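Here are some notes for someone opening this structure for the first time. Have the viewer ready and follow along point by point.

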Protein chains: 2
Amino acid sequence: MAKLCRENELVRKISQGFRGFGDGSVRIGTGDDAAIWEPRKGHETILTSDWFLEGTHFLREKHPPDSVGWKSLARAVSDVAAMGGRPRCFLLNVTLPSASDGGWLDDFLGGLRRASRALRCSLAGGDTTRQDRILINITVIGEVAAGQAVLRSGARKGHLLFVSGTLGEAELGLRQLRKSKGKVRATNAPLSKHLYPEPRVALGKWLAKNRLVTAMMDISDGLSTDLARLCEASGVGALIEESALPISQGVRRSEALRFALHGGDDYELLFTASPTQANRLRTNYRGLPITCIGKITTPKKLLLAKNDGRQEVLSPRGWDPFRK
Amino acid sequence: MAKLCRENELVRKISQGFRGFGDGSVRIGTGDDAAIWEPRKGHETILTSDWFLEGTHFLREKHPPDSVGWKSLARAVSDVAAMGGRPRCFLLNVTLPSASDGGWLDDFLGGLRRASRALRCSLAGGDTTRQDRILINITVIGEVAAGQAVLRSGARKGHLLFVSGTLGEAELGLRQLRKSKGKVRATNAPLSKHLYPEPRVALGKWLAKNRLVTAMMDISDGLSTDLARLCEASGVGALIEESALPISQGVRRSEALRFALHGGDDYELLFTASPTQANRLRTNYRGLPITCIGKITTPKKLLLAKNDGRQEVLSPRGWDPFRK
């Protein structure tokens, strides 16, 4: 056989070290025209895609490549967690400048492999090509027991509003990264949360399985923007309490509220529960805090009850690449 | 509700006019965290992704936007056809410069909708963001009856090698487009084949269902490159006959062989059949020619038997974005 072209070699390099996890759901993976996947009986398939682009979502000179690998998969898996499902396999679509073929690619694949193992989500295929920028698009295929998927549209008046974890920490991490020179490492909690977010798969699955929630989504673009989406899908409004917001300790008081409301990249879960369901919720799940931050209302607007007793309208001011 | 941010508006614009096809397989589509999809009983799921990038795969100033829409989906569907499956739904991932939000996007979505209807492949979701270039990645989800998927790896010595349709026409179309000024239209067969390729879904399905083939893939990067991939996956070689190649009539004699061997974007099917299977094959399927172009051999190399009686080694010289 004549010397094979370089695209084939790159596909082999990418495939190495990614193995399925023994459940046999990916029958044919990388190396054929397409992957063949078999969902388990009694389950529905969850499909989601996410861009992760140099210059928009990460900076080649500042983000460690293994964080790019970890985060590109973790972000997409977070959408599966937000439906109450579990991830099963993914398609990796990546474009590479030739300068990134060596060390950058190795470290990127290292981070991606760690995420793949930690999240039990195996590589099934994808597409590679050459560009002068690193562009990543990941499609995650997940599954959820039939009828258990939690949508954004089930919130009703009187339901209580919850978030997992703390809010605003990843935004602080991003600001620390922007101020730093050269590549950063995850030397503290905010940087860790920005570089290596952990999608809340176990919590989402537990909430869905036990039918503890009426609506759910993940907070990726900031609470104010994502809550507006949940309320729009449900045809409701919400009132949230400033005093109730779970703000992480590392954030300065003067910035804490703004980061918690509008900061991106938290990958926490935002969900609603009826009062009966709320009684069955704990204040934490395996150590991860669960906090009631407000309630669903019928006027279709978002309000923030401030610590000083005033109420103000909360506008979506989180991450939106299309905002002028 | 406060004015919703522009990303939401764009998602609505994209979703409009794409409807499922009444089979109910996409239960939750655009508008939630992820799509929910239910494969039919007794079927396996096919997963495939394809890049379609401005500057690499199309030129904004020359390719009509509705061709970009059509072709970005048709290319990905061709991988499903190559497994013997049928497409069911797709995820559209697109980045847009602000200058492309208006007329370009409308025409792009028009072409994509036409392809979606013609190929019976409904929009299930995806991701949008802002970039200064138009970047498209499409994931197609298809299905195939359990055990019927045709892989690249089943070719054995003595099997006969076939292609559908004609070869090299799309390459001629690309050259005509490169020479033209401004946007082109599909005014002849080569331009039509380059701008609006038709994935061979019906043929692939028929071949798989009737177990007429031992290996199959689509020719997207050129016969010489794709045949090398099929042979590598099967651990075999091949001998093809120059005189047998189905060259379309519009191609000049001096260029015909080169275009047929190395031209990209044909989206024809390349497949192998045992002698017994080959006896059951017709010379066309619903008017689409099926041509025997050679046979599978055990020396692991590709040979071309020329019209003058000589044999020469055939090197993969089709499209490879990673070749130096």
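The points below go through helix packing, the core, the chain contact and a few single residues.

1. A word on the source before anything else: this is a predicted model. Please read every value below as computed from that model.

2. Start with two helices of chain A, H2 (residues 65-81) and H3 (residues 103-118). Their axes are 6 Å apart, and the helices pack at an angle of about 40 degrees. That angle makes H2(A) oblique to H3(A). As for handedness, the crossing of H2(A) past H3(A) is right-handed.

3. Which residues bring H2(A) and H3(A) together? From H2(A), the contributors include A:Pro65, A:Val68, A:Trp70 and A:Leu73. Across from them, H3(A) offers residues including A:Trp104, A:Phe108, A:Leu109 and A:Leu112. By type, the residues of this contact split into 10 nonpolar, 6 polar and 3 charged.

4. Now look at chain B, where helix H2 (residues 65-81) packs on helix H3 (residues 103-118) at an angle of about 40 degrees, with 6 Å between the axes. H2(B) is therefore oblique to H3(B). H2(B) goes past H3(B) in a right-handed crossing. On the H2(B) side the contact residues include B:Pro65, B:Gly69, B:Trp70 and B:Leu73, and on the H3(B) side they include B:Trp104, B:Leu109, B:Arg114 and B:Ser116. The count for this contact is 10 nonpolar, 6 polar and 3 charged.

5. What about the core? The largest nonpolar core has 180 residues. Those with the most contacts inside this core are A:Leu73, A:Val77 and A:Phe90 from chain A, along with B:Leu73, B:Val77, B:Phe90 and B:Met216 from chain B.

6. A:Leu73 deserves a click of its own, since you have now met this residue twice: in the contact of H2(A) with H3(A), and among the residues with the most contacts inside the largest nonpolar core. Setting aside neighbours within four places in sequence, A:Leu73 is in contact with A:Phe90, A:Leu112, A:Ala115, A:Ser116, A:Leu119, A:Cys121 and A:Ile138.

7. A:Leu109 sits in helix H3 of chain A. Is this residue buried or exposed? A:Leu109 counts as buried because 23 C-beta neighbours fall inside 10 Å. If you leave out residues up to four places away in sequence, A:Leu109 touches A:Ile14 and A:Gly69. The link to A:Ile14 spans 95 residues along the chain, yet the two C-alpha atoms are separated by 7.0 Å.

8. Compare that with A:Cys231, in helix H7 (residues 223-234) of chain A. A:Cys231 is buried, with 24 other C-beta atoms within 10 Å. Measure from its C-alpha atom to that of A:Val184, 47 residues away along the chain, and you should get 37 Å.

9. Helix H4 is worth a look in both chains. In chain A, H4 covers residues 169-179, and its buried residues are A:Glu169, A:Ala170, A:Glu171, A:Leu172, A:Gly173 and A:Leu174. Helices H5 (189-195) and H8 (253-262) of chain A are among the elements that cover them. In H4 of chain B (residues 169-179), B:Glu169, B:Ala170, B:Glu171, B:Leu172, B:Gly173 and B:Leu174 are buried. Their cover includes helices H5 (189-195) and H8 (253-262) of chain B.

10. How many residues does each chain put into the contact between A and B? Chain A gives 69 residues and chain B gives 69 residues. On the side of chain A that touches chain B, strand E3 (residues 43-53) gives the most, with 9 residues. That side of chain A divides into 33 nonpolar, 17 polar and 19 charged residues.

11. Last, two backbone oddities to check. Most residues other than glycine have a negative phi. A:Tyr267 is not a glycine, but its phi is positive, about 55 degrees. You will find A:Tyr267 in the loop between H8 and strand E10 (268-273) of chain A, and it counts as buried, with 24 C-beta neighbours inside 10 Å. B:Arg286 also has a positive phi, near 50 degrees. This residue lies in the loop between strand E11 (284-285) and strand E12 (288-297) of chain B. With 8 C-beta neighbours inside 10 Å, B:Arg286 counts as exposed.

Conventions:
Residues numbered from 1 in each chain as written. Chains lettered and ligands numbered in written order. Predicted model: local features only at pLDDT ≥ 70, side-chain atom pairs only at ≥ 80, totals over all residues. Buried ≥ 20, exposed ≤ 12 C-beta atoms within 10 Å, placed from the backbone. Helix = DSSP H or I, 4+ residues; strand = E, 2+ residues; numbered from the N terminus. Contact = placed C-beta atoms within 7 Å. Axes fitted to C-alpha atoms, helices over the stretch in contact; angles between N-to-C directions. Parallel < 35°, antiparallel > 145°, perpendicular 65-115°, else oblique. Left-handed = near helix turned anticlockwise from the far one by under 90°. Nonpolar A, V, L, I, M, F, W, Y, C, P; charged D, E, K, R; others polar. Core = buried A, V, L, I, M, F, W, Y, C linked by C-beta atoms within 7 Å.
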